[in-house]
2 protein chains.
Amino acid sequence: MVAGPLPAPSGPGKDRLRLWIRLLRASRTIEAELRERLKKEFDTTLPRFDVMAALYRVPEGMLMSDLSRFLLVSNGNVTGIVDRLVSEGLVARARRNGDRRTSMVRLTEEGTKSFAIIAAAHEGWIGELLGKVSEEDARRLTGMLTSFRSNWEGRE
Amino acid sequence: MVAGPLPAPSGPGKDRLRLWIRLLRASRTIEAELRERLKKEFDTTLPRFDVMAALYRVPEGMLMSDLSRFLLVSNGNVTGIVDRLVSEGLVARARRNGDRRTSMVRLTEEGTKSFAIIAAAHEGWIGELLGKVSEEDARRLTGMLTSFRSNWEGRE
DNA sequence: ATATAAAACTTTAAGCTTGAAATATTTTAC
DNA sequence: GTAAAATATTTCAAGCTTAAAGTTTTATAT
C-alpha cells in the first residue's frame, strides 16, 4: 500500500497508483501526528475524537447505525468506543420510546464542553500541519477529492 | 476527524480543515474497499500486503527497523505481522553475521510469487477506484501531496 | 577494561477494527 | 394472526496498532 519510491514505475495506470500511495502516506503521516497530540495533550484517542466530532454536530443525538455509517467503520466498532465514552461520562445512550431496538447516542454536557476545547486545538494543529498548502491549493485539492467522493457515494 | 458536511463551517483555517477531512474520507473509503477485496479474493489483509510490497522492492531484504520506518508504523507492529507471514512461509528472517541484534527480513520464493499476483490485481483495483480522476488531475494532485510530504520528512 | 549509553528488536497491555454470529425487535407477506 | 424477513444493535474471535517496558547486543567514554 505504502509502496516505494525506488524504481519509479511507469506505464498505464501508474499515475493513479502513485497518487494513491501519496494520498495514503499523507493521511497516515497526519493521522499519526494527531494521534500523538491527542494522547499527550488530552489523554484521548483519534477514534474517540471522531465519535465525539460526529455527535457534536447533532445535539439531539444519533443512532448507532448512523454513527457507524457516517464514520465509515463497522457497527461493532462503534459499540466499543461508545461504551468507553459512556463509562467516562462523555456520552449518553437513551432508549427510544418508538423503536426499542435503537438507542439514541448523544454527548453529555461534560462531553460537549470537553469536545469544544479539544476541537479548537485540533483545528489549530491542522492549520499548522497543512500550513504549507496554500489556501488556493487547499480549495482546489478539496474540489478534486469531493468529485472523487461523489463517484463513490451510494455504492454497494 | 471525519467531521460533517452539515453546517459547512467558514473562517480562517477552515479551508485546510475541510481539506483534511476530505483527504481522510477519501483514503478511508479506498482503504476499506481494498481491505475487503484483499480478504475476499486472496484471503489476506492490508497490513500483510503493505509489508510484502515493501519487501518486494528489495530482494535482498530489509531490517525490521527500516521496515517499520518505511511503513510509518511502530516497531512492535511489524514484529507481529512478520511473525504471521513467516509462519505462512511467505517471508523469512535471517540473522546477520555482523550485528547480531538485527535480522534481515525478505520475501521467500513463494512470497514473491504470491505477491506478484496480488499486486497485479491491486493495481487494477486502484485504476478502477480512481478511474474518475483524470491522468492530469492525478499528476497534479500527486505533485501537491509530494510537496506537502517533503515539508514533513525528517521531522521530530 | 569497564561502566554507560545507544541501538535493534520483542513483549506486553490496552484499545481499535473487522466480519460473522447472536439477540431482540419490528415489519412484511400470506 | 402468524411465520418469515428485515432492521438495529451487541457479542465474539482474530488480527492490527500503539506506547512503554524489557532483552540482547554493540558502541562510546573514560
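Here are four short exercises on a predicted model of two protein chains with DNA strands C and D, each with a worked solution.

**Exercise 1. The sheet in chain A**

Work out the strand order of the open sheet in chain A, and explain why one side of β1(A) and of β2(A) has no neighbour in the sheet.

*Solution.*
Step 1. Start with the order: the three strands run β1-β3-β2 in chain A, and the pairing is antiparallel.
Step 2. Look at the edges. β1 (62-63) and β2 (91-95) of chain A each have a single partner strand, so one side of each goes without a neighbour in the sheet.
Step 3. Now see what sits on the sheet. Helix α2 (residues 46-56) of chain A packs on it and touches β1, β2 and β3 of chain A. The helix direction makes about 100 degrees with that of β3(A).
Step 4. Zoom in on one pair. β2(A) and β3(A), residues 103-107, are joined in the antiparallel sense over five bridges. For Ala92(A), the bridge partner in β3(A) is Arg106(A).
A reminder for this step: strands in a sheet pair through backbone hydrogen bonds, either parallel or antiparallel.

**Exercise 2. A helix in chain B**

Decide whether helix α2 of chain B is mostly covered or mostly open, and find the side chain that reaches the backbone at its start.

*Solution.*
Step 1. Count the buried residues, taking buried as under 20% relative accessible area. Nine of the eleven residues in α2(B), 46-56, pass, and the helix is mostly covered.
Step 2. Check who they are. Among them are Leu46(B), Phe49(B), Val51(B), Met52(B) and Leu55(B), but Arg48(B) and Asp50(B) are buried too.
Step 3. Go to the start of the helix. There, a side-chain oxygen of Thr45(B) comes within 3.3 Å of the backbone nitrogen of Arg48(B).
Step 4. Follow Thr45(B) to the DNA: an N or O atom in the Thr45(B) side chain is also 3.1 Å from a phosphate oxygen of DNA strand D.

**Exercise 3. The surface near DNA strand D**

Find which part of DNA strand D the protein mostly meets, and which elements supply the surface.

*Solution.*
Step 1. Collect the neighbours. 24 residues surround strand D, and the closest are Ser65(A), Asn75(A), Arg101(A), Ser74(B) and Arg84(B).
Step 2. Sort the DNA atoms. Within 4 Å of the protein, 76% of the strand D atoms belong to sugar or phosphate, and the rest to bases.
Step 3. Pick out phosphate contacts. Side-chain N or O atoms come to 3.2 Å for Arg93(A), and a polar side-chain atom of Asn77(B) to 3.1 Å.
Step 4. Assign elements. α3 and α4 of chain A, plus α2 and α4 of chain B, each give at least two residues, with the largest share, four residues, from α4(B).
Step 5. Sort by type: six nonpolar, eleven polar and seven charged.

**Exercise 4. The surface near DNA strand C**

Repeat the analysis for DNA strand C: which element supplies the largest share of the surface?

*Solution.*
Step 1. Of the 24 residues around strand C, the closest include Arg48(A), Arg84(A) and Thr79(B). Sugar and phosphate make up 75% of the strand C atoms within 4 Å of the protein.
Step 2. Look at the phosphate oxygens. A polar side-chain atom of Ser65(B) lies 2.6 Å from one, while Gly98(A) uses a backbone N or O atom at 3.3 Å.
Step 3. Name the elements. α2 and α4 of chain A and α3 and α4 of chain B each supply at least two residues. α4(A) takes the largest share, with four.

Technical notes. Residues are numbered from 1 along each chain as its sequence is written. Chains are lettered from A and ligands numbered from 1 in the order in which they are written. This is a predicted model: local features need pLDDT of at least 70, side-chain atom pairs count only at pLDDT 80 or more; totals for chains, interfaces and linings use all residues. Side-chain values use heavy atoms; hydrogens and water are left out. Buried means under 20% relative accessible area, exposed over 50%, partly exposed in between (1.4 Å probe, protein chains only). A polar contact is a pair of N or O atoms within 3.5 Å; within protein, one must be able to donate a hydrogen and the other to accept it, and residues adjacent in sequence count only if both atoms are side-chain atoms. A residue is near a molecule or strand if one of its heavy atoms lies within 4 Å of it. Ala, Val, Leu, Ile, Met, Phe, Trp, Tyr, Cys and Pro count as nonpolar, Asp, Glu, Lys and Arg as charged, and the others, Gly among them, as polar. Two strands pair if DSSP finds at least two bridges between them. Contact means heavy atoms within 4.5 Å. Axes are lines fitted to C-alpha atoms, for helices over the stretch in contact, and angles run from 0 to 180 degrees between N-to-C directions.
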